[in-house]
Amino acid sequence: MSNYHIKSLEEYFQVYRKSVNDPELFWSEIAEEHFTWRKHWNNVFSWDFSIPEVKWFEGAELNITENCLDRHLHIRGEKTAIIFEPNDPEEETEYITYNQLHKRVCTFANVLKDEGVKKGDRVCIYLPMIPELAIAVLACARIGAIHSVVFAGFSSTALSTRINDCDAKMVITSDGSFRGKKITNLKGIVDDALKESPGVKTVLVAKRTNNKIKMKKKRDKWLQPLLDSAYTDCSSEVMDAEDPLFILYTSGSTGKPKGMMHTTAGYMVYAGYTFKNVFNYTENDVYWCTADIGWITGHTYIVYGPLLNGATTVMFEGVPSYPDYGRFWQIIEEHKVNQFYTAPTAIRALAKEDLEYTAKYDLSSLKVLGSVGEPINEEAWHWYNENIGKKKSPIVDTWWQTETGGILISPIPYVTPTTPTFATLPLPGIQPALMDSEGKELKGNQVEGNLCVKFPWPAIARTIWGNHDRYRDTYFSAYPGMYFTGDGAMRDEVGYYRITGRVDDVIIVSGHNLGTAPIEDAINEHMEVAESAIVGATHEIKGNSLYGFITLKPSANGKDRDELRLEINRMISERIGPIAKLDKIQFTEGLPKTRSGKIMRRILRKVANKDTNDLGDTSTLLNPEVVKNIINEAL
Ligand code: WTA
């Protein structure tokens, strides 16, 4: 029996049982056999979800980049680590070997040191999907700096909030980004953000698009000349197992984004282990995840997971629709991709296009297809299975979160029989629980409830940066002694899990988590807006679209409504980013409220989804007449 690479269903059940009965032994064997340590741990793990506190491999010392790079050099130094596929198919693909990647990471790490970055400092990375992004991440890890990658689609305000929250002293960016036909001046966005973030002393700028940008004296430096004059050797900083590795922000249902903090050893072991099993990666495979490194999927399954396993990982700069809708399939053919990992929203968008786009390319290299970010609907699942996998590549519907660091529930390909729309079984080490509304665990099968995890796993986020109380309140207070995911799920008659969606005020739009509160805050800043409430409306491609109910101040009388809609969306773009724009805005006289003054979003959700025949229990509704108006206006 191999703990590390599960090959049969029988083995899965054996391994799973072991992981539950003797988690110490299970995880220590994996950590020992498949990773490199500077010093062994004293204790495999300790935990107390009531504080909450979780520690893995305490006492151990290591550096994750030695595990991602150095240890591979003598066996696969000339193997391609990263295939960089540029936005424009006419531009040459870049193949970066493990030797080259090692050298580039070390050189970049020396630049960071030269610029005064030290162990424990926070470095904000705001880059497009170019090799420098992966290299910057690893360079931070090399010297023990904590990386905080911000997705380059976020606005200057969102960027500055994240920089200030973790007190980053450096920002790494580029002159611009290419996405399809569009060039975005990323440096300009950073300049705007830094007006509100005086703590940033240095901005390193990678050259990508050659558009004109402004460089502020002393603060801003072109990256390339610094790399050219830096040493290429850099020994790695020795890190304690629980030293922070990175912070990654995710939306909450209220207030500021949450800076999820992940630490070194546990994250590493879990990223490596889950990558190997969920994608059934074998030595010469080419693996491609289409996510952006600005999200957790990119952290764990473009950078760390693949490199920990000595894999070849594709980084794609562009979009699925440029130069045409065949781009994904063309890349699969060109690089003979074996594992392909994408989001349901992309699948739905591509499924709408002519089948010729998929038929034109040779997709026979594919062995595993993955899905992540939101529930995959049955239609999209079948389209993916038939047209991309040709019914021979298992689909792994992987459920997890920024907070979990790695995949928790997923089929193992060629091991777990798949069922459309089911994430199926927990990975070894994961002990899910479904809870009812009274806080009791629902035992047995054929039950539906709120999804929790009752035992720690190595990659669980350790805290929200700077706000441990919020960490406890958000994840560990609803069900004492358990981690609450914020998702609902059902367990069917064979014990398979199906994720039914968020049960809080987070809406997933095209695979991006958006909290309603920050969007409402942005809208409410508009001079003419009195109050607003955002809900999700089912959308054919995006999964959900944002539907806003907005009441206006009397001063808005006579103002053009469409003009107001444009202004409101412009404000959202500026405060958060274009991904948070509303698809529909309904101006209304009032919002349905409970007697205690809470907005009844459940009712608004029904209106937005044109499902108002049965409004459910409205006994606590303060203003029933408002509901009638809202329904009539929506028709
Ligand atoms: C949702 C992304 C159903 C879920 C890795 C979760 C999913 C949130 C799936 C986390 C899936 C992710 N099926 N829902 N396979 N994968 N989700 O933090 O609601 O960006 O809580 O992490 O996405 O999103 P996040």
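**Close-up views of a predicted model**

**View 1. Helix H8 starts with a cap from Asn 185.** In this predicted model, a side-chain oxygen of Asn 185 sits 3.2 Å from the backbone nitrogen of Lys 187, capping the N-terminal end of the helix. H8 itself runs over residues 186–194, and it's mostly covered, with 7 of its 9 residues buried. The buried set is Leu 186, Lys 187, Ile 189, Val 190, Asp 191, Ala 193 and Leu 194. Notice that Lys 187, whose backbone nitrogen faces the cap, is itself on that buried list.

**View 2. Polar side chains meet the oxygens of the ligand.** Start with Asp 487: one of its polar side-chain atoms lies 2.6 Å from a ligand oxygen. For Gln 401, an N or O atom in the side chain is 2.9 Å from an oxygen atom of the ligand. Asn 513 joins in as well, with a polar side-chain atom 3.1 Å from a ligand oxygen. On its own the ligand would expose 530 Å², and the protein buries 96% of that. Helix H11 (296–308), strand S20 (395–398) and strand S26 (497–502) are the elements that each give two or more residues to the surrounding shell.

**View 3. A shell of 17 residues surrounds the ligand.** Which of them come nearest? Look for Asp 397, Thr 398, Thr 402, Asp 487 and Arg 502. By residue type, the shell splits into 7 nonpolar, 6 polar and 4 charged.

**View 4. Asn 63 is a buried loop residue.** You'll find Asn 63 in the loop between strand S3 (61–62) and helix H3 (64–68). Its relative accessibility is 0%, so Asn 63 counts as buried. The Asn 63 side chain reaches the backbone oxygen of Ala 141 at 3.1 Å. Leaving out residues up to four places away in sequence, Asn 63 touches Ala 141, Arg 142, Ser 236, Glu 237 and Met 239.

**View 5. Thr 264 belongs to helix H10.** The helix covers residues 264–278. Is Thr 264 buried or exposed? Thr 264 counts as buried because its relative accessibility is 2%, and the cut-off for buried is under 20%. Beyond four places in sequence, Thr 264 touches Leu 62, Met 239, Asp 240, Ala 241, Asp 243, Pro 244 and Leu 245. Met 239 may ring a bell: Asn 63 touches it too.

**View 6. Thr 516 belongs to helix H17.** This helix spans residues 516–524. With a relative accessibility of 3%, Thr 516 counts as buried. Setting aside neighbours within four places in sequence, its contacts are Ser 253, Asp 505, Ile 507, Ile 534 and Arg 601. For a sense of scale, Thr 516 and Lys 390 are 126 residues apart in sequence, and their C-alpha atoms are 39 Å apart.

**View 7. Ser 364 pairs up with Asp 362 in a loop.** Ser 364 is in the loop between helix H14 (356–359) and strand S19 (368–372). Its side chain makes a polar contact of 2.7 Å with the side chain of Asp 362. Val 203 is 161 residues from Ser 364 in sequence and 44 Å from it in space, C-alpha to C-alpha.

**View 8. Confidence in the prediction peaks in helix H6.** Mean pLDDT for the protein is 96, and 100% of its residues reach 70 or more. Helix H6 (residues 131–143) scores highest, at 99, while helix H20 (residues 624–634) is lowest, at a mean of 91.

Technical notes
Residues numbered from 1 in each chain as written. Predicted model: local features only at pLDDT ≥ 70, side-chain atom pairs only at ≥ 80, totals over all residues. Heavy atoms only, no water. Buried < 20%, exposed > 50% of the residue type's maximum accessible area, 1.4 Å probe, protein only. Helix = DSSP H or I, 4+ residues; strand = E, 2+ residues; numbered from the N terminus. Polar contact = N/O pair within 3.5 Å; in protein donor to acceptor, adjacent residues only side chain to side chain. Near = heavy atom within 4 Å. Areas by Shrake-Rupley, 256 points an atom, 1.4 Å probe, with all protein chains shown as cover. Nonpolar A, V, L, I, M, F, W, Y, C, P; charged D, E, K, R; others polar. pLDDT = per-residue confidence, 0-100. Contact = heavy atoms within 4.5 Å.
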